[in-house]
Protein chains: 2
Amino acid sequence: MSQRTDFFTRHQELLDRAVEATRSRDHWSPYPESPSKSVYGEDAPERGEQAFKAQLGNPFTLEGHPGDGWVPATESSPYGFELGVTYPRVTPDEAVAAAKAATPAWRNAGPDTRAGVAAEILSRINAAGFEIAQAVQHTTGQAFVMAFQAGGTHAQDRGLEAVAYAWAEQKYHAGSVRWSKPQRKGGPLELDKRFTAVGRGVSLLIACNTFPTWNGYPGLFASLVTGNPVIVKPHPRAVLPLAVTVRIAREVLAEAGFDPNLVLLAAEGQDERTAATLATHPDVRIVDFTGSTAFGDWLEEHARQAVVYTEKAGLNTVVLDSTDDYRGLLGNLAFSLALYSGQMCTTPQNLLVPRDGFATDQGVKTPDEFAADLGTALDKLLGDPQRAAGVLGAIVNDGVLRRLDEAGAAGRTVRPSAAVDHPDHPGATVRTPLLARLGADDTEVYTSEWFGPVTFVIDTASTEESLNIFRETVRRHGALTAAVHSTSEDVLAAAEEAALDAGVHLSENLTGGIFVNQSAAFSDFHGSVANPAAGATLSDPAFVTGRFTTLQSRRPVVVAGGVDV
Amino acid sequence: MSQRTDFFTRHQELLDRAVEATRSRDHWSPYPESPSKSVYGEDAPERGEQAFKAQLGNPFTLEGHPGDGWVPATESSPYGFELGVTYPRVTPDEAVAAAKAATPAWRNAGPDTRAGVAAEILSRINAAGFEIAQAVQHTTGQAFVMAFQAGGTHAQDRGLEAVAYAWAEQKYHAGSVRWSKPQRKGGPLELDKRFTAVGRGVSLLIACNTFPTWNGYPGLFASLVTGNPVIVKPHPRAVLPLAVTVRIAREVLAEAGFDPNLVLLAAEGQDERTAATLATHPDVRIVDFTGSTAFGDWLEEHARQAVVYTEKAGLNTVVLDSTDDYRGLLGNLAFSLALYSGQMCTTPQNLLVPRDGFATDQGVKTPDEFAADLGTALDKLLGDPQRAAGVLGAIVNDGVLRRLDEAGAAGRTVRPSAAVDHPDHPGATVRTPLLARLGADDTEVYTSEWFGPVTFVIDTASTEESLNIFRETVRRHGALTAAVHSTSEDVLAAAEEAALDAGVHLSENLTGGIFVNQSAAFSDFHGSVANPAAGATLSDPAFVTGRFTTLQSRRPVVVAGGVDV
């Protein structure tokens, strides 16, 4: 009990500051994003690498975890080697039963204690940042610095953001009150009332291959802090980053006096497909999912006993109307397309350009000229192999390679994708982005998502038509990001209106060091329920309020000599 | 534009106070609940009655409402006469199209303006309280004072409560921010960001026969304030209270410069069943429903394009363990059973009593003795015809009468239901409550809801078994209320734990002027998603956050001479 109090007291200032940041939306992060020895300690990088290497080829142990036996290794690094890690095997029924058994004490602990435990878990995840970065790099293919940031500190930001919303919303209401209603005759009617936040039930996290932590932490922490046990079902190709996370969470829970089975790992063998079984288990009441539209739709259709939060696929769109910084535009966009080989759910796919060209500080640029210039910008960005490797990372799985092959025939290729030799990892699978030209009529091609380094330059009749295509395709097929370039306030206003109609967040005139595919926790919203690409926003109040309910009890005020009503 | 500002300015203090009340949960209401001339004006009662009577037998006009022709009269008073009111006919497609066309200006108006308009609507509904009370009385069968309170001021409270949550949650985030991220080299990265609350889409309110306003206003106002147009689909037997509400809403919207079609009335002829068609319309994105479990489940299953908030049926349960005020207990419970002839979704149905009896200040009472004493308390309460009429009201429809007939054979009747002559309305259908005895094994009988004046005294092996039956039946079948009587703190604690497990709000030891079937806005929650009886709580943050999303736009900060990134 004293330990529980400790974690909340230890992190209360952090929690208050985090809640304030969710409100003000200013820049804020408690987790330094630089993988620097001066911040994290001289030996931190090496210790992290050693911990990662020591795990390779070995069983991953979780003390006191339910289940029996081991799931055979399923992970191989996009940089060219097998991880060979086996994980505890647990059946869906075993996982759910253990999760339910752990719940009552967690419910009764209250939101402060739960938020304190969550903040401590995040603090220890941060301290294990180099180990987790190695695990992220060698399951997702992200380059190391990106794995440390997007898979590490930025994921921690997103986790803490969810903790803040979950904590604040549970404390929206007073915990207790003496209710006193004046009467025309006699004293007031008086009741003592108590209000208790109660979790909805067992929560299931179905994580993805590319961003297991960044997309996984919000649901994990939102559910945990609102009083629910969480079963973590990682993608078979990206288990290790979440296994380390689960181990840390269980350690902190046990130290705080709780059953560590509040956080469970449900690894699965290749093609076992336990996600569907878990998601439709009658006692699973919350599902968080990041992945394909097909399985996301299936979950929304079939996991009827649960509230389901999804992030699926969409058509990220850029409308090009005019610019006074053509060079900045090209450099910024080239980086957005190349970063992690376009394997972000936020990478632009459809670039809409007026057929007659758009005005720039270097003259009018036709769609073909723009496509060629963008190709050149990509060549320049990726010319140096070391730099290219750092930007591109590696290709996460064969599905992306297959799509790249298909994309070669989908439009008129302006810049083909090419294999790149990684300077440090000879076995790595590295590809540069493909650029192709399409017309506004090629809807069959550009209204599908081509997840990976595939981008289309599409000519339209005018900016007005571009905005219409943007509005209609995103409204129908969804998007996680959108951008516009224009020097006209009228066009920017029209683009903002179109984005509100389409239900997507909009970036305008990005030419410098901010990219459309980046979103900063505590300030930028990621995803929106207003278009089909997502059934949740990371994070906002709606992301947490469905995970718990407030129950009350009330009784007459007892006064000396009897009951005062 | 000046008008819009006016309504917000006029009501800002009220809105601030309302938000504070939702947080503190203390007693608060801006709408005086006494139907008194000194509060509402000397001629208010008469003007209300005249307005009601003038409407009888006539078409109900709504200026500028879409559609064509009239829906034939469907309403008859439980007090014995036909209302004969016809309403504008509008098809689902016409209603949805008009609602959508009205939306953009409402979206762009922002939460302050919308909350101000809503508060003004409620203020005018309050001013029309006597007219609406007549309409409620003669559609639901509630006695006049109850119709004025539960159908009037308390419904207004629930409406304002929803406005407060909707307004506060939309303003959780800053409307705009200058985001500034320090860089190791050079000046900070800076972006100007704007955040806009955007409604989910067309909202549908499917209202019920017994509490069209009390159960209807929360969804109506929550949706409206979060930027959504609302189509009101009343129960064919209780149209008028909501028609008057819609007329007032449209008047205020027009005065504020908005399209009145933001609030529409979709009346239907007998057995037209347009609710299903409307609820599955692809552009209907929010559904609020109060009514039968069967149709509530159907909506949750089929209205997949919408977020669905339901209040259905359940097994309201009382656990009797011990009391030091047996007389107070009997009087309180008798009133709860008799109020509005038990036609409240909150009326107790299952009273669980240990087989060997329970301790009271008047000795141990066996289940049979308790049932007999409760029957006597009902006789006493309803002995005077005028008082009986004021408590019981009238039977809302034939379904309740049918169930009363069936209930006569369902258990061992202790106190049969009887017809009562109404002193003022000779044609009124008035019935007293039926009390029957059951055993713990009679699950088939008591795990169904017997909506109306039907209550079972059920003997159990012990209070422990009572709590188990309570926990399991409510967890499985749902409940909107629960109560316990005990002089033991241990039993009360066990009951609180069982109520948290079952997911229901709990009232303890009510023996005075507060009744289990009453819940006060701003302090008591009504319903909970934690058991099957409801998919919503009136009201809490979860009730409003699913109705809108926050969309952002961001652009680099423009400084003198160029862009500062």
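Angles between helix axes count as roughly parallel under 35 degrees, as roughly antiparallel over 145, as roughly perpendicular from 65 to 115, and as oblique for the rest. The model treated in these exercises is predicted.

**Exercise 1. Helix packing**

Classify the packing of α4 and α6 in chain A, and list the residues that meet.

*Solution.*
Step 1. Locate the helices. α4 of chain A covers residues 92-127, and α6 of chain A covers residues 144-170.
Step 2. Take the geometry. The helices pack at an angle of about 175 degrees, with their axes 10 Å apart.
Step 3. Apply the cut-off. Over 145 counts as roughly antiparallel. α4(A) and α6(A) are therefore roughly antiparallel to each other.
Step 4. List the contacts. From α4(A) come A:Pro111, A:Ala115, A:Ala118, A:Ala119, A:Leu122, A:Ile125 and A:Asn126. They meet A:Thr153, A:Gln156, A:Gly159, A:Leu160, A:Val163, A:Trp167 and A:Gln170 in α6(A).

**Exercise 2. Overall form of chain A**

Decide whether the radius of gyration of chain A agrees with that of a compact globule.

*Solution.*
Step 1. Set the expectation. A compact globule with 565 residues would have a radius of gyration near 24 Å.
Step 2. Compare. Chain A has 25 Å, so the value agrees.
Step 3. Add the dimensions. Along the principal axes, the C-alpha atoms of chain A fill a box of roughly 90 × 65 × 45 Å.
Step 4. Add the interior. Buried residues are 61% of the 565 in chain A. Among its contacts with a separation of 6 or more, 76% link residues 24 or more positions apart.
Step 5. Note the elements. Chain A holds 18 helices and 21 strands.

**Exercise 3. Symmetry and interface**

Find the operation that superposes chain B on chain A, then describe the side of chain B that touches chain A.

*Solution.*
Step 1. Read the operation. A rotation of 180 degrees, with 0.0 Å of shift along its axis, does the job at an RMSD of 0.0 Å.
Step 2. Interpret. The two copies are thus related as by a two-fold rotation axis.
Step 3. Check the surface. Both copies use the same one: 100% of the contact residues of chain B recur in chain A.
Step 4. Find the residue at the axis. In chain B, B:Ala542 comes closest, with its C-alpha at 3.4 Å.
Step 5. Count. In chain B, 57 residues are in contact with 57 residues of chain A.
Step 6. Assign elements. Those of chain B giving two or more residues include α1 (2-24), α17 (489-502) and α18 (541-545). β19(B) gives the most, with 8 residues.

**Exercise 4. A sheet across two chains**

Trace the sheet of 10 strands and find where chain A joins chain B.

*Solution.*
Step 1. Write the order. The open sheet runs β14(A)-β15(A)-β16(A)-β13(A)-β12(A)-β17(A)-β18(A)-β19(B)-β6(B)-β5(B), with mixed pairing.
Step 2. Find the edges. β14 (412-415) of chain A and β5 (176-181) of chain B each have a single partner strand, so one side of each is left without a neighbour in the sheet.
Step 3. Add the twist. From one strand to the next it averages 25 degrees.
Step 4. Find the junction. β18 of chain A (residues 506-508) and β19 of chain B (residues 548-556) run parallel, joined by 2 bridges. A:Ser507 has B:Arg554 as its bridge partner.

**Exercise 5. Strand β15 of chain B**

Describe the burial and the pairing of β15(B).

*Solution.*
Step 1. Burial. In β15 of chain B (residues 434-439), 5 of the 6 residues are buried, so the strand is largely enclosed by the rest of the structure.
Step 2. Antiparallel pairing. 3 bridges join β14 (residues 412-415) of chain B to β15(B). B:Thr413 is partnered by B:Ala436.
Step 3. Parallel pairing. 6 bridges link β15(B) to β16 (residues 454-460) of chain B. B:Arg437 stands opposite B:Val457.

Key. Residues numbered from 1 in each chain as written. Chains lettered and ligands numbered in written order. Predicted model: local features only at pLDDT ≥ 70, side-chain atom pairs only at ≥ 80, totals over all residues. Least-squares fit on C-alpha atoms with pLDDT ≥ 70 in both. Contact = placed C-beta atoms within 7 Å. Pairing = 2+ DSSP bridges. Helix = DSSP H or I, 4+ residues; strand = E, 2+ residues; numbered from the N terminus. Axes fitted to C-alpha atoms, helices over the stretch in contact; angles between N-to-C directions. Rg over C-alpha atoms; globule rule 2.2 N^0.38 Å. Buried ≥ 20, exposed ≤ 12 C-beta atoms within 10 Å, placed from the backbone.
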